[in-house]
Amino acid sequence: MATVEQSRLPGPGTSGVAVALPAEPRRLDVARVRADFPILDREVNGHPLVYLDSGNTSQKPRPVLDALTEHYTRHNGNVARAVHTLGTEATEAYEGARAKVAAFVGAASPAEIVFTKNSTEAINLVANAFRNGTGRFRVGPGDEVVISEMEHHSNIVPWQLLCDRTGATLRWFGITAEGRLDESTLDDLVTNRTKIVSYVHMSNILGTVNPTARIAARAREVGALVMLDCSQSVPHLPVDVAELGADFIAFTGHKMCGPTGIGVLWGRSELLAEMPPFLGGGSMIETVTMERTTYAAPPVRFEAGTPPIAQAVGLGAAVDYLTGLGMDAVRRHEEELTAYALDALATVPTLRLFGPATPVGRGGIFSFGLTGIHPHDIGQVLDAHGIAVRVGHHCARPVCARYGVPATTRASFYVHTTTAEIDALVRGLDQVRKVFG
Amino acid sequence: MQLDQLYQEVLLDHYKHPHGRGLREPPAAASVAEAHHVNPTCGDEVTVRVAVSGGTLADISYDGLGCSISQASASVLYELLHGRAYPDALAVHDAFVALMSGRGQVEPDVTVLGDGVAFAGVARYPARVTCALLPWMAFKDAVARALGNPTIGGTA
């Protein structure tokens, strides 16, 4: 009898059964998260800071600030050139950050992670390769580059420059009235003339999260490369480069709890190996004579000069911090905020939302207008109440033009955002309407 | 900083009820030019057209898209400068620029700046100074073009 009962008890060998059950997704303890961000304690214009501008730049949690201080106070040395202890420690920290970032986005190896100064530089690096490269990294008259109307200027201007200088043609996806990428023109846009399709994963102005499967499949079919601007997605969603079906992604440290001055280009290793250097200088060489130079292998080939060492270390700490929270939990938190914000903003008279009005396929970025009130004035009145939003064209002027407005007001969320802060925004907008109504 | 120091009633009045707004056909026999200025950080824009006749700013007309500060500023500019002799207008222009560049430390002279003194609070908000100056910079460009090319003004 006792034997039978015992056999029903889960023993050590059967514990895998419990793991196979769907795990309850982790939730963020927002009060604890907020305690990690010292800046959230400050007041602005006599009110507690309500920071709704994380899409512009994120605030920094204590572990990231500590990592920067620790690096400069204990381990500061130049990387990849000093034999002394500090140089070795700095090199290990810098390369350790590269490995952390690689793991964070599912890169096949740390060598696929190129540190840049920001997303803009990462995109320029790839665009430049098409100007100076050979084989598939070469464009000229008759070749086409495809972007979208939803892009940040950083994913428009480098391609315009490339096309201006090579004679290639720039084409783009449009945006639907609801704020989605118009994929209906996919087969006409992406053809055997297309060399690269570069578009945004999550729009910095509309909040739209673009599906990637169809475009990736079509690009593969016609032999085009795919680059995704993940500046807004990597900080807020679990991103795995293998799942995206992309060849390159760009993102930036300062929007994901890290320092400014550090960005990332991920590229498939065989493509990076084919690409010519970007900037020339120290570190990126194999050997130099007065007549010629041979170049180092990626990623070092693309990291000329002393890199942003402390910033990389800080980004590594940011990746650790976000991993500790769990990117699934971050996404879930922001999904809940998004649903709440859509309902809350719908109660504001005359508010016009730019971007998807349903909480599906969108993140925690909300651009809007109030009838007859300019975004600058909205932002100013909100700031007087301690509420920080961004106003303007958000470096995505074609999106504003698409909707016939010169500018919008944008609230963007992050791990420390609360529903109470969304309520404060709604109350702030009432104040705006009192001043300008 | 109190919001009502920035958004003074006079300023909001000019915003809600702008004076002289809309681009107009210039009087005959005037030197005409216009300038289109954009604030690249926010996308605000203004076009200012001036008609100079016999050393006088016979008309100043304008159109634009922008915030309360930039639009009220254009309205005040019109009210202060149209019909004035060019050197007088330049002195008012310089006084307004000095007020805006003064970070709140310049005491405005109401006899020179009229309703322009309502912009004193704006000078304490560096991010908004460019809004206030947008039409004034366009005005200065337009006048320079009108005086530099007395037959017909250019557009940019």
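Trainee: In this predicted model, which residues of H14(A) are buried?

Mentor: In H14(A), the buried residues are A:Pro375, A:His376, A:Asp377, A:Ile378, A:Gly379, A:Gln380, A:Val381, A:Leu382 and A:Ala384, so that the helix is mostly covered, with 9 of its 10 residues counted as buried under a cut-off of 20% relative accessible area. Just after H14(A), A:Gly386 takes a positive phi of about 80°.

Trainee: Why does A:Gln380 count as buried?

Mentor: A:Gln380, which is found in helix H14 of chain A, counts as buried because its relative accessibility is 9%, and the cut-off for that class is under 20%. If neighbours within four places in sequence are left aside, A:Gln380 is in contact with B:Leu3, B:Leu6, B:Tyr7, B:Tyr125 and B:Arg128.

Trainee: That leads to the interface, so how should I read its size, and how much area do chain A and chain B bury between them?

Mentor: As a general idea, the size of an interface is often given as the accessible area lost when the parts come together. Here chain A and chain B bury about 1,400 Å² between them, with 55% of it on carbon and sulfur atoms, and the contact takes 16 residues from chain A and 20 residues from chain B.

Trainee: How many salt bridges and polar contacts are counted between the two chains?

Mentor: The count between chain A and chain B is 2 salt bridges, and one of the pairs that form a salt bridge is A:Asp377 with B:Arg128, whose closest N and O atoms are 3.0 Å apart. For polar contact, the rule finds 8 residue pairs across the interface of chain A and chain B, both residues being at pLDDT 80 or more. On the side of chain A that touches chain B, the elements that give two or more residues are helix H14 (375-384) and helix H16 (419-436) of chain A, and H14(A) gives the most, with 5 residues. By class, that side of chain A has 7 nonpolar, 7 polar and 2 charged residues.

Trainee: Turning to a strand, which residues of S10(A) point one way and which the other?

Mentor: In a regular strand the side chains alternate between the two faces of the sheet. In S10(A), A:Gly263, A:Leu265 and A:Gly267 point one way, whereas A:Val264 and A:Trp266 point the other way, and all are buried. Strand S10 (residues 263-267) of chain A is accordingly described as mostly covered, 5 of its 5 residues being buried.

Trainee: Which strands pair with S10(A), and in what sense?

Mentor: Strand S4 (residues 113-116) of chain A pairs with S10(A) in the antiparallel sense over 4 bridges, and within that region the bridge partner of A:Val114 in S10(A) is A:Leu265. Strand S9 (residues 248-252) of chain A also pairs with S10(A) in the antiparallel sense, over 5 bridges, and here A:Phe251 has A:Val264 as its bridge partner in S10(A).

Trainee: Where is A:Arg138 found, and is A:Arg138 buried or exposed?

Mentor: A:Arg138 is found in the loop between helix H6 (119-132) and strand S5 (144-148) of chain A, and A:Arg138 counts as partly exposed because its relative accessibility is 43%. Beyond its neighbours within four places in sequence, A:Arg138 is in contact with A:Phe130, A:Arg131, A:Asn132, A:Gly133, A:Asp143 and A:Lys195. The C-alpha atoms of A:Arg138 and A:Asn78, which lie 60 residues apart along the chain, are separated by 35 Å.

Notes: Residues are numbered from 1 along each chain as its sequence is written. Chains are lettered from A and ligands numbered from 1 in the order in which they are written. This is a predicted model: local features need pLDDT of at least 70, side-chain atom pairs count only at pLDDT 80 or more; totals for chains, interfaces and linings use all residues. Side-chain values use heavy atoms; hydrogens and water are left out. Buried means under 20% relative accessible area, exposed over 50%, partly exposed in between (1.4 Å probe, protein chains only). Two strands pair if DSSP finds at least two bridges between them. Contact means heavy atoms within 4.5 Å. Buried area is the accessible area (1.4 Å probe) that two parts lose on being put together, summed over both. A salt bridge is a side-chain nitrogen of Lys or Arg within 4 Å of a carboxyl oxygen of Asp or Glu. A polar contact is a pair of N or O atoms within 3.5 Å; within protein, one must be able to donate a hydrogen and the other to accept it, and residues adjacent in sequence count only if both atoms are side-chain atoms. Ala, Val, Leu, Ile, Met, Phe, Trp, Tyr, Cys and Pro count as nonpolar, Asp, Glu, Lys and Arg as charged, and the others, Gly among them, as polar.
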